[in-house]
Amino acid sequence: MLRSCAARLRTLRPGELWKSFSSEKVTPKDYAVPNPSWSKDLQFLFDQFMKKCEDGSWKRIPSYKKTLTEKFKDFQTRFLEPSHIKEEYMSKAQLFTRSLEDGMGFEYVMFCNDVEKKVVCLFQGGPYLQGAPGFIHGGAIASIIDATVGMCASRTEGFVMTANLNINYKRPIPLCSVVVINSQLDKIEGRKLFLSCNIQSSDEKTLHTEATGLFIKLDPKKRLT
């Protein structure tokens, strides 16, 4: 029996060898949990929100580098033409806000209250997000706003895409500081979702940014490509 197993292993290519020893269902790493790069402020706020989750009113939202397979296949089936999917590219694709090493880019965790239709994001911007010296780039701020309000919209209506973001930058956000992004769904008109958002310092004394967003619920009868 051992000889037959050894013979079988010698015939497998590296990729097949890995599959033979691994489970088909591999649990992806959840990045919305503390890591050594988190500051004391981020850890403190995280602990506070985890306490809010104890009664079930708030939930922590897991976050991964890649879109989970089932969700990706669902999106692909509904909205994409098969010819649009390039396997050689998709195998390397990662979520933009999770594409940098720990502590250097977007460190964040989101919590949702589905009854109140709110999502709160605790965000720490790393040194690779610098714009003006010592401050986070406006484009990075727009990205984390889009991610937060987009999550808020999708919690209610499923697959959505950004149609418009209107951002007012009030005060610059210091690099590597911790801020709180508060978003909520204001109203729904057909497939249009209207949301609002603000960014405050962790002590709630400074208003850094205000924003509004318009998202569109995707029509499963219409392809994106």
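Two strands are taken as paired where DSSP finds at least two bridges between them. In the predicted model, β6 and β7 meet this description, being joined by nine bridges in an antiparallel arrangement. Within this pair, phenylalanine 194 has leucine 214 of β7 as its bridge partner. The two strands form a hairpin with five residues between them, and glutamate 204 in the turn adopts a positive phi of about 65 degrees.

The protein chain as a whole contains six helices and seven strands. Along the sequence, these elements succeed one another in the pattern α-α-α-β-α-α-β-β-α-β-β-β-β. Of its 225 residues, 32% count as buried. Among the contacts with a separation of 6 or more, 67% are made by residues 24 or more positions apart.

An open sheet of seven strands is present, with the order β1-β2-β3-β5-β6-β7-β4 and antiparallel pairing. The edges are occupied by β1 (59–61) and β4 (160–169); each has a single partner strand, so one side of each is left without a neighbour in the sheet. On average, neighbouring strands of this sheet are turned by 25 degrees against each other, direction ignored.

Further pairings within the sheet can be described individually. Strand β2, residues 106–113, runs antiparallel to strand β3, residues 118–125, and the two are paired over eight bridges. Here methionine 110 is matched with cysteine 121 of β3 as its bridge partner. The edge strand β4 is joined to β7 by nine bridges, again in the antiparallel sense. In this pairing, isoleucine 167 has alanine 211 of β7 as its bridge partner.

Two helices lie across the strands. Helix α3, formed by residues 40–52, lies across β1, β2, β3 and β5 (178–189), and runs at about 160 degrees to β3. Helix α6, formed by residues 138–157, lies across β1, β2, β3, β4, β5, β6 (192–201) and β7 (207–217). The direction of α6 is at about 135 degrees to β4.

The analysis of internal space yields one cavity of 30 Å³ or more. The largest cavity holds about 90 Å³ of space. Its lining comprises 13 residues, of which Thr97, Arg98, Leu100, Phe106 and Glu107 lie nearest the centre. By class, four of the lining residues are nonpolar, four are polar and five are charged. Phe106, one of the residues nearest the cavity centre, falls within the range of strand β2, residues 106–113.

Note on methods: Residues are numbered from 1 along each chain as its sequence is written. This is a predicted model: local features need pLDDT of at least 70, side-chain atom pairs count only at pLDDT 80 or more; totals for chains, interfaces and linings use all residues. Side-chain values use heavy atoms; hydrogens and water are left out. Helices (H or I, at least four residues) and strands (E, at least two) are DSSP runs, numbered from the N terminus. Axes are lines fitted to C-alpha atoms, for helices over the stretch in contact, and angles run from 0 to 180 degrees between N-to-C directions. Contact means heavy atoms within 4.5 Å. On a 1 Å grid over the protein atoms alone, a cavity is a set of points where a 1.4 Å probe fits but cannot get out, and a pocket is an open set with protein on both sides within 12 Å along at least five of seven lines; lining residues have an atom within 4 Å of a point. Grid points are joined across faces, edges and corners, and a volume is the space filled by probe spheres set on the points. Ala, Val, Leu, Ile, Met, Phe, Trp, Tyr, Cys and Pro count as nonpolar, Asp, Glu, Lys and Arg as charged, and the others, Gly among them, as polar. Buried means under 20% relative accessible area, exposed over 50%, partly exposed in between (1.4 Å probe, protein chains only).
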